[in-house]
Amino acid sequence: MLVFLQQNVLCVVLVLVGLFFIVMNIAAMISNRRHKTHVSLIPFLGGLLIAIGFLTLPSPYKWLALLGFLDPTFWMIFINIYYGKNESKILEERYAHFLLEKHFCPKREDPSLKVVSEIHYSDRDIPHIQDFPYMTNTAFAIGYPWAVIIITEKETEEGKRERFLVLDTGTDENLKKLDPDKVRILDFKEKTIELHNIAEYLEGDIQIRIEPKGEEPE
């Protein structure tokens, strides 16, 4: 065994470094999940180094390069691609029954308006500003880790439309399954809603406002 290791020093070094990156990525994933924070990962580097390391071995052992696929970040790439490609459809299905059940008006657009989200995190100096087209009954992700906001409307007995904000902070568990206990429906009669510490992972001051399209946020 010692002779084998001495003859394949490059393989040993690459595999050990690869394992280090895999362990660090897994630790970051657990920390992100537990503390609702975001520490960037280095996708598939650990698995790639392991694969290259085993490919330096003689032919009978090169198949060990397949162990590089055990790097969980490799499979996360495909999961992220799937959710990134289908996020709008998944979110639409997530809220369709909820919005119908609450008797909100059908979806409509107003090209003259936009929705602006401005988050002042308690631990950051620079605010996170996003803007979206004014489309009711459409889910928009704000912040990171993200929550969901939906602008929606309901018709009163007098035939007028009242605006509401649906705020969902339950997106950190199962993206496809809605948790009603983490959904709030807020009156949006004014053009601005002020929120504070809406979730453990979104602490700070949040402002959701309606602005004329083309107007730059202050």
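## A buried arginine and its partners

Arg 209 is buried in this predicted model, because its relative accessible area of 8% falls under the 20% limit. Arg 209 forms a salt bridge with Glu 118, and the closest N and O atoms of this pair are 3.0 Å apart. The contact links distant parts of the chain: Arg 209 belongs to strand E8, Glu 118 to strand E1 (residues 109–121), and 91 residues separate them. Glu 118 is buried as well, with a relative accessible area of 10%.

Arg 209 also meets the side chain of Glu 211 in a salt bridge, at 2.4 Å from N to O. Both of these residues, Glu 211 and Arg 209, are buried.

## Salt bridges and a shared network

In total, the structure holds five salt bridges. Side chains of opposite charge can pair when their charged atoms come close. One of the salt bridges joins Arg 161 to Glu 153, with 3.0 Å from N to O. The two partners differ in exposure: Glu 153 counts as buried at 5% relative accessibility, whereas Arg 161 is partly exposed at 43%. Through salt bridges that share partners, Arg 108, Glu 153 and Arg 161 are joined into one network.

## Strands E3 to E6

Strand E3 (139–142) pairs with E4 in the antiparallel sense over four bridges. Within this pairing, Ile 142 has Ala 147 in E4 as its bridge partner. The hairpin formed by E3 and E4 has four residues between the strands, and Gly 143 in the turn has a positive phi of about 75 degrees.

Strand E4 (residues 147–155) continues the arrangement by pairing with E5 over eight bridges, again in the antiparallel sense. Val 148 stands opposite Asp 168 in E5. The hairpin of E4 and E5 has five residues between the strands, and there Gly 159 takes a positive phi near 85 degrees.

Strand E5 (residues 161–168) is mostly covered, with six of its eight residues buried. Five bridges join E5 to strand E6 (residues 183–187), and these two strands run antiparallel. Asp 168 has Val 183 as its bridge partner in E6. Asp 168 thus has a partner in E6 and also stands opposite Val 148.

## Positive phi outside glycine

Phe 44 has a positive phi of about 65 degrees although it is not a glycine. This residue lies in the loop between H2 and helix H3 (45–55).

Asn 197 is another residue other than glycine with a positive phi, here near 50 degrees. Its place is in the loop between strand E7 (192–196) and strand E8 (204–212). With a relative accessible area of 37%, Asn 197 is partly exposed.

## The nonpolar surface patch

A nonpolar surface patch of about 770 Å² is made by Trp 63, Leu 66, Phe 69, Trp 75, Ile 77, Phe 78 and Ile 81. Among them, Trp 75 is found in helix H4 (residues 72–101). Trp 75 counts as partly exposed, at 47% relative accessibility. That value is over the 30% that a patch residue must exceed, so Trp 75 meets the accessibility requirement for the patch.

## The second largest pocket

The second largest pocket has a volume of about 380 Å³. Its lining consists of 16 residues, of which Glu 92, Lys 107, Asn 137, Thr 138 and Ala 139 are the closest to the centre. Two elements, H4 and strand E3, give two or more residues to this lining. The largest share, eight residues, comes from H4. Helix H4 therefore contributes both to the lining of this pocket and, through Trp 75, to the nonpolar patch.

## A contact across the sequence

Ile 26 has its place in helix H2 (residues 9–35). Ile 26 is partly exposed, with a relative accessible area of 34%. Ile 26 and Asp 71 are 45 residues apart in sequence, and their C-alpha atoms are 9.2 Å apart in space.

Key
Residues numbered from 1 in each chain as written. Predicted model: local features only at pLDDT ≥ 70, side-chain atom pairs only at ≥ 80, totals over all residues. Heavy atoms only, no water. Patch = residues over 30% accessible without salt bridge, like charges linked within 9 Å, V, L, I, M, F, W, Y side chains within 5 Å. Areas by Shrake-Rupley, 256 points an atom, 1.4 Å probe, with all protein chains shown as cover. Salt bridge = Lys/Arg side-chain N within 4 Å of Asp/Glu carboxyl O. Buried < 20%, exposed > 50% of the residue type's maximum accessible area, 1.4 Å probe, protein only. Pairing = 2+ DSSP bridges. 1 Å grid on protein atoms, 1.4 Å probe; cavity = no way out; pocket = protein on both sides within 12 Å on 5 of 7 lines; lining within 4 Å. Points joined across faces, edges and corners; volume = space filled by probe spheres on them.
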